[in-house]
Amino acid sequence: MVLQGDPAIAVNIPSSPEYLVTNADVWFEPALVSAQIDSFTVNVELTNLGSVVTDSFTVLVERLFPDGSFEEVATKRFSTTAYKDTVSLKVFTDPLNGFGANEITVTIDNDNDVVEICEDNNVAVVDLFVSSDNIVPIFPCDYAIMNTTDITLIASTASPLLDQTDYLFQMDTTELFDSPILNQFIGTSTGGIVEWPVGTNFLFENFEANVFYWRVSKAPSSPSDSLIWRNSSFIYEPNETMGWNQSHYFQYKRGTKSNDMMLNENTRHYEYQNNVKNITSTAGIVGGNADITFNDIYTSLNNIREIDWSCVGGCPQYAGGVQIAVFNPATILPQQSLINDVDLTSLNTPNCFDSPPCCDDNALGLYGNIHCGAEDVNAFDFHTDNPIGLQRIADFMDQVPDGYYVLVKSIENHNLEQNASYYSFLDAIYDQFDDLNAPQIRNIQNNIPFLVLGRKNVSTFNTIVDIANSSDELLELDIDINGNWIEGKYESVQIGPAQEWHEMHFSDYSLDPSSTNVDNLKVNVYGVRINNQIDFLFSTSNPDTSLANVNASFHPKLILEHESTDNVNNTPPQLNYWRVNYDGVIELALNADAHYEFFGDTINLGQMLDISVSLENISDYDTDSILVTYQISGPNQNSEFIVNDVEAPLPAWGSQNIGTTINTDQFSGLNYLTVTVNPASNALYYQREKFNFNNVIVIPFFVKGDNVNPLVDVTFDGIHILDGDIVSAQPEISIKIKDESEFLALNDTVIAKIDLTYPDGTVEEIVYQGSSDVEFIPADASNLANENVAEIILKRAFPQDGTYQLDIRGTDMAGNRAGDINYKIRFEVINQSMVSNLLNYPNPFSTSTSFVFTLTGSEIPDVFKIQIMTLSGKVVREIDKTELTKLHIGRNITDYKWDGTDQYGGQLGNGVYLYRVITRHENQSLDLYTNSELQVLDDQMHRSGFGKMYIMR
């Protein structure tokens, strides 16, 4: 459409940018990422379908690792895209945790800096397999319980396809691998499963309830090579059922985590951590000559303001008071005044909390403290202008547990100066300050700010008492507090996955003398969902607890948390062990060392790609039917072709060969075949496994393209004609396409586009579907090594006399054309049956001569014979059409050659002879057809239907 500046036509201009990225727009360099390289590049092709803005945006790359962890791995700012741009981000490979099946998520404009028309097409998610020559222990699973002596240690290579490699196994009762019973073994594999039947030469029955540590690494090929160990452990416990166990120092050290407990390397005991926190606080009178504001009055914990408001200082009905913060000596966290403790029904103004601060006199906390905030607060405010407020202060401080830290500071006029009217109330408060080692408060004056930090009834603590010199002074406290933990938690690794949970058991012991043992222990059980969300399930102090009510389908993994307190000796109870009994899940592994065949490293276009590899079930559990996907992708690893096969179920410890055959007629050049067993992305067939890294093979292969042009061969009634020849008015036109490829069968009508031009100039495109006069015969796919030919047969009548033209565009299945220009041939149709004068060639002749003539119409005459006569008119030889054979409509040059003999085979003498043709069809003689191009020759050679020939020997 041409607008030509028409002002009435409004051009549709997008109001905002519209950035787009699809999964196909993301690819990696190198195409095959290996853990042996330190980094790889994520390339992203960005498209802007909207308007252009001069700005920049962030591109974020996130990575879902094979172990289920999710991290931001790269982010970079780029100038906004005008139309199309390719951006690149570098990502570190992470050889220890990154090998196996990864998922890469790319987000454009992650921070939403640019306003777009639509924001829901800015994310692409692609799979990435990172190969590695590492080897990983897979059975027994880490922390497993083994109840049999027939133990085989099994490891799986991170890549199922490797050169033949030696792998070193070691097993010991210590993770230091330095005890007298250290065993080791070297196994060899070309990729897949490597086994050590350790139970055949080790007497496990002599080591009941012992934890064993084992590890495996690629064996060094030279002294300079380093070992990269992968560790695992299990307990041999013949009286236990299968499951998970931790019961030894190195298992705890490697398999638990805690923020408030530590495992002492020397004693191998858990201990509560020391806790150091910084407390800063200020006190002063707001609005005095020093211009102190409410923002200047606060209490912070580790530089975070925990208390920055006071009811008795911010509400006009209170003349001032004190604020008290109480800190737990273990956690150094402030005790809270909870909004739920406020009796909202007693408020004079019921809706006052809707617009805080609220200063209703009846808004009181649990201890009678003024609670004017609409949320939980980390301090307790008390007014001091009447006896009730003073009594509440004394009562509150009396209830503070011994050993707790207490921070008391003045708010405006604190009213704690000695006053005869309130002496008994004030004296009770002074006694509480004495318990904090702060007797100076007995002599405090009104309107003088003060700060006190003490520890109740702990005489060894150096109490801080800071009293201002004037009402204008701002006091500042800054101190580090050592917490003396009396409680703590640590949690296990994730346990499972499981098909069904059975029981949880634990056993503990105390380090305290029995007379002072006040240990308190419980185990918290958490469920881990499939999406890694963690849910609290229950707590128990019962050492033998059923897990039958935990749904393994919803929570396939568990986490145990050990929670304890000891407020006397500060020594937590110690675990003998904790265990979970459960039915585990299957473990599938591709094992190329057992069987692997691949035909397709370098093949021709259309050749069949064959893959076959062994699949093993390394578990005690039968599988269901197993989904296997075969995906072929191009050089950028963008998915182009996927085949899904469902394999038969595998019994426990069973194996079978899996594979498929794929036609490569869609692929050319470098490609990648990715075989994925039990893909997690297919929820219908996915079966939960312990590991997935050994379920994938990525194989590069090269397909040599078909660059040879096909040939087009056209015949009319089996005859190759010259351009412009006469043909039958009802011919059988055969169009054959021939190709050299032994693999790409010509089996689709797309290989030939045929146009027919009529004498009147009308052009018809020959269609295959629904045409009774067109037949397509595809190439025989079983005989391509000998012949790859497809044929189109066109059978139709041409009632219109004149010259027609066939225009044929022939191609092979690879798209190669039969020539730079189309095949074109003209042919003439004359519907009336006629015959031209005969000519013989050569003439004169000595040994033999052939006859040349033209037939028109659509049928061969019933009678067609040639008579040869002497000049006197005697017939010496009569040649019937049965002798001539292979007559056809159009120009005929007979295969039959007359040798100059008579009817009886006698040789005729030299000289001139006459000849003529006699024809009849359906009892009618054929008219004479005169070819304008041969008119002069006809006139010379024929008189009244007779021709002359000369025999010269």
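**Exercise 1. Overall dimensions**

What radius of gyration does the protein chain of 953 residues have, against that of a compact globule?

Solution. The model is predicted, so local features need pLDDT of at least 70 and side-chain atom pairs count only at pLDDT 80 or more, while totals for chains, interfaces and linings use all residues. Residues are numbered from 1 along each chain as its sequence is written, and side-chain values use heavy atoms, with hydrogens and water left out.

Step 1. The radius of gyration is taken over C-alpha atoms, and the globule rule is 2.2 Å times the number of residues to the power 0.38. A compact globule of 953 residues would come out near 30 Å, but the protein chain has 49 Å.

Step 2. Along the principal axes, the C-alpha atoms fill a box of roughly 175 × 90 × 50 Å.

Step 3. The secondary structure comes to six helices and 64 strands. Helices (H or I, at least four residues) and strands (E, at least two) are DSSP runs, numbered from the N terminus.

Step 4. Of the 953 residues, 49% count as buried. Buried means under 20% relative accessible area, exposed over 50%, and partly exposed in between (1.4 Å probe, protein chains only).

Step 5. Among contacts (heavy atoms within 4.5 Å) with a separation of 6 or more, 70% come from residues 24 or more positions apart.

**Exercise 2. Helices H3 and H4**

Check the length of each helix, then find the face that is buried and what covers that face.

Solution. Step 1. The expected span of a helix is 1.5 Å times one less than its number of residues. For the 13 residues of H4 (residues 423-435) this gives 18 Å, and the end C-alpha atoms are 18 Å apart, which agrees.

Step 2. In H4 the buried residues are Leu426, Ile429, Tyr430, Gln432 and Phe433. Seen down the axis of H4, they fall within an arc of 155°, so they line one face of the helix. The arc is that of the directions from the helix axis to the C-beta atoms.

Step 3. The cover over the buried residues of H4 includes helix H3 (387-399), strand E27 (405-412) and strand E28 (450-455). Just after H4, Asn437 has a positive phi of about 60°.

Step 4. H3 also has 13 residues and an expected span of 18 Å; its end C-alpha atoms are 19 Å apart, which agrees. Gly389, Leu390, Ile393, Ala394, Phe396 and Met397 are buried in H3. Down the axis of H3 these buried residues lie within an arc of 165°, so they line one face.

Step 5. Ile388, Asp398 and Gln399, on the other side of H3, are exposed. The buried residues of H3 are covered by elements including strand E25 (320-327), strand E26 (380-383), E27 and H4.

**Exercise 3. Aromatic rings**

How many aromatic pairs does the count come to? Classify two of them.

Solution. Step 1. Rings of Phe, Tyr and Trp (its six-membered ring) pair if their centres lie within 6.5 Å; planes under 30 degrees apart count as stacked, over 60 as edge-to-face and the rest as tilted. The count is 42 aromatic pairs.

Step 2. Tyr249 and Phe250 have ring centres 5.0 Å apart and planes at 65°, so the pair is edge-to-face. Both Tyr249 and Phe250 are buried.

Step 3. For Tyr405 and Phe461 the centres are 5.4 Å apart and the planes at 75°, so this pair is edge-to-face. The pair links distant parts of the chain, 56 residues apart: Tyr405 is in strand E27, and Phe461 is in the loop between E28 and strand E29 (464-467). Tyr405 and Phe461 are both buried.

Step 4. One aromatic cluster is formed by Tyr143, Trp244, Tyr252, Tyr270, Tyr490 and Trp578.

Step 5. A charge sits over a ring if NZ of Lys or CZ of Arg is within 6 Å of the ring centre and within 35 degrees of the ring normal. Arg215 lies over the face of Phe177, at 4.0 Å from the ring centre, and over the face of Trp229, at 4.1 Å.

**Exercise 4. Two single residues**

Is Leu547 buried or exposed? Is Ser614 buried or exposed?

Solution. Step 1. Leu547 is in the loop between strand E35 (544-546) and strand E36 (557-565). Leu547 has a relative accessible area of 1% and is therefore buried. Not counting residues up to four places away in sequence, Leu547 touches Trp501, His502, Glu503, Met504, Phe538, Leu558 and Val580.

Step 2. Ser614 belongs to strand E40 (residues 608-617). With a relative accessible area of 4%, Ser614 is buried.
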